[in-house]
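Hi,

Here is the structure I promised to pass on. Have a look at it first, and then read my notes underneath.

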Amino acid sequence: MFGNRTKTAKLNGRESVFVKRKRTFTLIFVSFIALFLLSSLITDYNAIGGFLSLPKAFVWSIKNLVPNATSWPRVPLIFDNLVETALLSVAVTVCSAVCAFFFSLLGTRTMRVNPVVGRAVRIIAAFFRNIPDIVWALLLLFAFHQNILSGFFALFFATFGLLTRTFIETIDEISASCVEALHATGATNLQVVSQGIIPSSMATLISWILYMIETNVRNAVLIGILTGTGIGWLFDLFYKRGDWGAVSLVVLAVVILIIVIEMISTQIRKVIM
Amino acid sequence: MALLEFQGVCKIYNNTTKALADIAFSVDEGEFVSIIGPSGSGKSTILRCINRLVDATQGTVIFDESDISHASKKDIREARKKIGMIFQHYNLVDRLSVIENVLHGRLGHKSTISGMMGRYTESEKEKAFQILEKLGLVEQAYKRCDELSGGQKQRVGIARSIMQEPKLILCDEPIASLDPSSAKVIMDHLSNINRNMKITCILNLHQVDVALKYASRIIGLTSGRIVYDGPPNHLTKNKIYEIYQSSEGELITDVW
Ligand SMILES: Nc1ncnc2c1ncn2[C@@H]1O[C@H](COP(=O)(O)OP(=O)(O)OP(=O)(O)O)[C@@H](O)[C@H]1O
Ligand SMILES: [Mg+2]
């Protein structure tokens, strides 16, 4: 009898967990709807009208955004700027990754010199990461004006923050066990890095770097609009002139670039994994 | 003079978890000691206090006539060179070859630069192959470690620790992830190393029967305290129940 009662109590306890979960879901759902309605109200945004105008925009694009005879001669110019943007993204990501690697070593549980330094590294990484690259670009415009350096450092900082954080976690997860073993043999920290951490986690780190190159190519296009460099600058130029044929070529070029970069990085991943 | 001596060692993790309380024992050269005790009793903590992967909160650990618990970073590394360690999960660099992992045992003996570059002398390489031969791993020498079975990985772990030419080998549950037959191979190798190479071994074991069969001495640990320290043939059934804080019929060994 006693056992029975505790059993019922347990069952009730379990049921209440389900009830609670259901209530949480409902609550979250309702709050989303409320939030949406509220923000539409405040910004005068008409959701239905917005969606209804999509077909119109589509039709307009098809009519106007077609490369025409006058836009073809722009291909070499577009190509040059496309290459500039692509190379910049790759260069930025690689530079930033190298810095992030050494910096992240100070933040890993397995290698860090002391907990205070480890904490400081994480805070600094969070600072760089939590400011979006677009905001970095705007800030840097004050320092460098419309210059390729603003774009470079904007991407550099954002990438640095994100990669530092990711590298710390990757290294702590993948290399911790062999790092422990190598330390136990009496190896020095530098030996542990080059004989343990690099061989065990490099493939995963490179995979992250490739991912960042992919994202940075996209971001570089946007940032270029702000900083007046690369393919983004060209887009802005044609757009403001209303040269729709050339704009469509630029868009096409960007799409092709992104696809090519993704294909290359998929291949590299296959080889190193 | 004993090779290893614990004097009143306490370990408290994060100011809260008391892992070791007033541990005192000493180990002579050539002994084959097995530490047994329930999960969380502090076995791994004891081993890690010896090579300073964990710092004791209180007390002194003396290894090879020097106080290791208060040693400088450089002296810790000197001591670690003389102490091999074998892990439950092998802790190899999986993406490197077997031979490279074995040669890692020499890192402590080399200059930082040549260790970083992985430059080893001919005699070191020769020695590595001799050890692999003894452990039956020569065919695997150039394979990547992630292609090996658990038993083979553990033999690579053993090879790496012998490569150090250590005075002491610490084994933290060396056979806990292995099937009974690979486990026997590993235990036989460790026993051989102890007898033929005169290397002292301290093993954490979960299998009481294995400990009784191989060890020359058993240390029983219960919640951070030593409750038994003596030869295996003096370890009575009741004492085992006391170590594991259980009663007749509750241990897996009671099944036989
Ligand atoms: N890094 C750590 N941080 C905090 N507490 C720890 C840490 N390592 C161990 N402990 C605690 O110290 C106590 C002893 O742990 P230890 O790992 O030495 O036990 P063990 O006998 O090796 O157990 P097992 O047989 O499960 O490996 C446990 O209560 C454990 O929770
Ligand atoms: Mg343990």
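Below is what I found, chain by chain.

One thing before you start: this is a predicted model, so please read everything here in that light.

Let's begin with chain A. It has 10 helices and 0 strands, so if you walk along from the N terminus you meet α-α-α-α-α-α-α-α-α-α. How does its radius of gyration fit the globule rule? For 273 residues the rule gives 19 Å, and chain A comes out at 26 Å, well over that, so the chain is more spread out than a compact globule. Its C-alpha atoms fill a box of roughly 85 × 60 × 40 Å along the principal axes.

Some totals for chain A: of its 273 residues, 40% are buried. Among contacts with a separation of 6 or more, 77% are between residues 24 or more positions apart. The chain exposes about 16000 Å², and carbon and sulfur atoms supply 73% of that. As for charge, there are 22 positive and 13 negative charges in chain A, and the mean positions of the two groups are 14 Å apart.

If you want one residue of chain A to click on, try L106(A). You'll find it in the loop between α3 (75–105) and α4 (115–130). Is L106(A) buried, partly exposed or exposed? Its relative accessibility is 34%, which puts it in the partly exposed class. There is also V117(A), 11 residues away along the chain, and the C-alpha atoms of L106(A) and V117(A) are separated by 6.8 Å.

Now to chain B, which has 9 helices and 10 strands. Here the radius of gyration is 18 Å, and that agrees with the value near 18 Å that a compact globule of 256 residues would have. The C-alpha trace of chain B spans about 55 × 45 × 35 Å along its principal axes.

The totals for chain B go like this. Buried residues account for 55% of the 256. For contacts with a separation of 6 or more, 67% come from residues 24 or more positions apart. The accessible surface of chain B is about 11700 Å², with 48% belonging to carbon and sulfur atoms. Chain B carries 32 positive and 31 negative side chains, and the centres of those two sets lie 5 Å apart.

Next, the strands of chain B. Which strands make up the open sheet, and in what order? There are 4 of them, running β2-β1-β4-β5 with antiparallel pairing. At the edges sit β2 (17–27) and β5 (66–67) of chain B, each of which pairs on one side only. Strand β4(B), residues 58–63, pairs with β5(B) in the antiparallel sense over 2 bridges. To see where these two meet, look for F63(B), which stands opposite S66(B) in β5(B). As background, strands of a sheet pair through backbone hydrogen bonds, either parallel or antiparallel.

Further along chain B there is a hairpin of β9(B) and β10(B), with 2 residues between the strands. Strand β9 (residues 217–222) and strand β10 (residues 225–230) run antiparallel and are joined by 5 bridges. One of the pairings to look for is I219(B), whose bridge partner in β10(B) is D229(B). Which residue of this hairpin takes a positive phi? That is S223(B), with a value near 30°.

That's the lot from me. Happy browsing!

Methods
Residues numbered from 1 in each chain as written. Chains lettered and ligands numbered in written order. Predicted model: local features only at pLDDT ≥ 70, side-chain atom pairs only at ≥ 80, totals over all residues. Heavy atoms only, no water. Pairing = 2+ DSSP bridges. Rg over C-alpha atoms; globule rule 2.2 N^0.38 Å. Buried < 20%, exposed > 50% of the residue type's maximum accessible area, 1.4 Å probe, protein only. Contact = heavy atoms within 4.5 Å. Areas by Shrake-Rupley, 256 points an atom, 1.4 Å probe, with all protein chains shown as cover. Lys, Arg positive; Asp, Glu negative; His and termini not counted. Charge placed at Lys NZ, Arg CZ, Asp CG, Glu CD.
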